[in-house]
Amino acid sequence: RFDGFLHLGGLRTALYNYIFAKKYGGTFILRLEDTDQSRLVPGAAESIEDMLEWAGIPPDESPRRGGPLGPYLQSQRLDLYNQIARELVECDHGYYCFCSPQRLELLKREALRAGETPRYDNRCRHLRADQVQEMLAKGAPHVIRFRLEASGEPFQDLIFGWNHHEVAQVEGDPVVIKADGFPTYHLANVVDDHFMEISHVLRGSEWLISTAKHLLMYRALGWQPPAFGHLPLLTNPNGSKLSKRQGDIFIENFQKEAVLPEALLDFTTNCGSGFTTNRNGRRLEEMISEFNPSKITTHSALLDLEKLPEFNRIHLQQRIEDEQKCNALIKDLQQQIQQVYAAEIHNQEVLEEDYIRRVLHLRKGHITSLRELLRPNYSYLWVRPSFSSHQVAALTKEAPLIASLVLRLLEERGEELSVDQLSKDLKRLTEQTKATKYREVMKLLRLVLSGLQVPVHVVIGPNEWLGFT
């Protein structure tokens, strides 16, 4: 159940529901709450499904996919909600409330002034039947409220264990049908869970107290409630609650920043609990096999986004080592190279699959995303590096000699080049110079092969730039 665009908190909730469903042979259902017309965000419903599919945890049933228990948009079930609300009124578990917004605002201000928690005073629950009929006949604006009663019954939460909240003592009777005829979440989710035959609900712990209220509604309607599990909050490293106002937590942003979906899922579960192991690099199928609801703790899950690149590095390496996934990376990188460097490419061999695959395998475990290979310090892989004669002269006056020696070495060794052997060969090569030390030779080679003057891992392929004579 979601509203608005999908963020990390929503993804975590969806992921745990998905894993739970797949672990126990269930069905993962996506239901979209769109009954609060003032909070509707254009495009959000489509984006939620897009992001779940991108993340690799698509729902089995949803507004887009359909299913036997639809519709999956709450705005398409208004008749059902109103029917159930009227049933609550008829069995004296609900009532019509005619209090104006002005009166409710006044109650709120008075409570705040007195240092109390604002709550409805249940005034309209005491109206006589004839008074109610008279107001309805006049067409007076109204809502329907649910009559809270002392529950006296604790409930077993899958994560938090036994809970008992006497909501009637601290809250006023909640609205279940608003003046515009749309239901509130409290009624809509109870009705939907019943008619959609939901067996288990995993949701954020902020709903834990409301669950006591929902269970009263189930009892009033004579329905069997699902099993509830409330996931601990995701928090920032300083302990503050994760907020939608933090623009960097929306899933679309991670997608745009080239974060791998499997890395994001691994990161999200790793900062929480509920698994037999807690290690980096878990794939989704491993999360499912290692999932154990009894291991979900009640402690808040600290979300440190600075650790995400490390998860991306691990999962990018796994993709590179998977031949089929590596082929997809190659095609992606080919497009990015052409977009970034376009006319600067002199040698089309840098776009060939074999060359790009070689680059990926040489840099796997070192890069956190493909985008790193498009940064200036890796540009030598794709375009002819640029350097000046002054830079060469500053290193050594024997550049022409060193160039001829290196070219001869490459010709002699051919395809037999190896890191260990090349290091020995270059040290022997240095002995043939008059005044250039091994360190200067390496700096020179670094400059002409990469255009850089700082240490860099050089890949020798189509870009064997030794034209500094």
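# Contacts, cores and a cavity in a predicted model

Leaving aside its neighbours within four places in sequence, E290 is in contact with K23, G274, F275, T276, T277, R279 and R282. This contact list is read from a predicted model, and the residue at its centre, E290, is found in helix α11. E290 is buried, because its relative accessible area is 10%, which lies under the 20% that marks the limit for buried residues.

Helix α11, which spans residues 284-290, also takes part in the largest nonpolar core, since it is one of the helices that each supply at least two residues of this core. That core has 67 residues, and those with the most contacts inside it are L11, I57, L360 and W382. Besides α11, the helices that each give at least two residues are α1 (8-23), α2 (44-55), α9 (251-256), α10 (261-270), α12 (308-321), α13 (323-341) and α14 (353-363). Of these contributions, the largest share, 9 residues, comes from α1.

The surroundings of L360 can be followed residue by residue: when residues up to four places away in sequence are not counted, L360 touches I320, C326, L329, I330, L333, L370 and L373. Apart from the largest core lies another core, of 36 residues, and among its members are Y72, Y96, V190 and L208.

The cysteines can be considered next. The structure holds 0 disulfides. C91, for its part, is in no disulfide, and the nearest cysteine sulfur, that of C97, is 18 Å away; with a relative accessibility of 37%, C91 counts as partly exposed. For C97, the closest cysteine sulfur is in C124, at 3.8 Å, and this is too far for a bond, because a disulfide requires the two sulfur atoms to be within 2.5 Å. In contrast to the partly exposed C91, C97 counts as buried, at 2% relative accessibility.

Empty space inside the model is the next topic. Rolling a probe the size of a water molecule over the atoms shows where such space is left. In this structure there is 1 cavity of 30 Å³ or more, and the largest cavity has a volume of about 40 Å³. The residues that line the largest cavity are R12, Y16, L231, P232, G272, S273, I296 and A301, and by class this lining divides into 5 nonpolar, 2 polar and 1 charged.

A few places in the backbone also deserve attention. The peptide bond from G70 to P71 is cis, with omega near 0°, and P71 is found in the loop between α2 and α3, the latter covering residues 78-90. E197 has a positive phi of about 60° although it is not a glycine; its place is in the loop between α7 (185-195) and β6 (200-204). E197 is exposed, with a relative accessible area of 62%, whereas the glutamate with which this account began, E290, is buried.

A positive phi is also found at A342, where the angle is about 40° although the residue is not a glycine. A342 is found in the loop between α13 and α14, two helices that each supply at least two residues of the largest core. At 47% relative accessibility, A342 counts as partly exposed, because this value falls between the limits of 20% for buried and 50% for exposed residues.

Notes. Residues are numbered from 1 along each chain as its sequence is written. This is a predicted model: local features need pLDDT of at least 70, side-chain atom pairs count only at pLDDT 80 or more; totals for chains, interfaces and linings use all residues. Side-chain values use heavy atoms; hydrogens and water are left out. A nonpolar core is a set of buried Ala, Val, Leu, Ile, Met, Phe, Trp, Tyr and Cys residues joined through side-chain atoms within 4.5 Å. Buried means under 20% relative accessible area, exposed over 50%, partly exposed in between (1.4 Å probe, protein chains only). Helices (H or I, at least four residues) and strands (E, at least two) are DSSP runs, numbered from the N terminus. Contact means heavy atoms within 4.5 Å. On a 1 Å grid over the protein atoms alone, a cavity is a set of points where a 1.4 Å probe fits but cannot get out, and a pocket is an open set with protein on both sides within 12 Å along at least five of seven lines; lining residues have an atom within 4 Å of a point. Grid points are joined across faces, edges and corners, and a volume is the space filled by probe spheres set on the points. Ala, Val, Leu, Ile, Met, Phe, Trp, Tyr, Cys and Pro count as nonpolar, Asp, Glu, Lys and Arg as charged, and the others, Gly among them, as polar.
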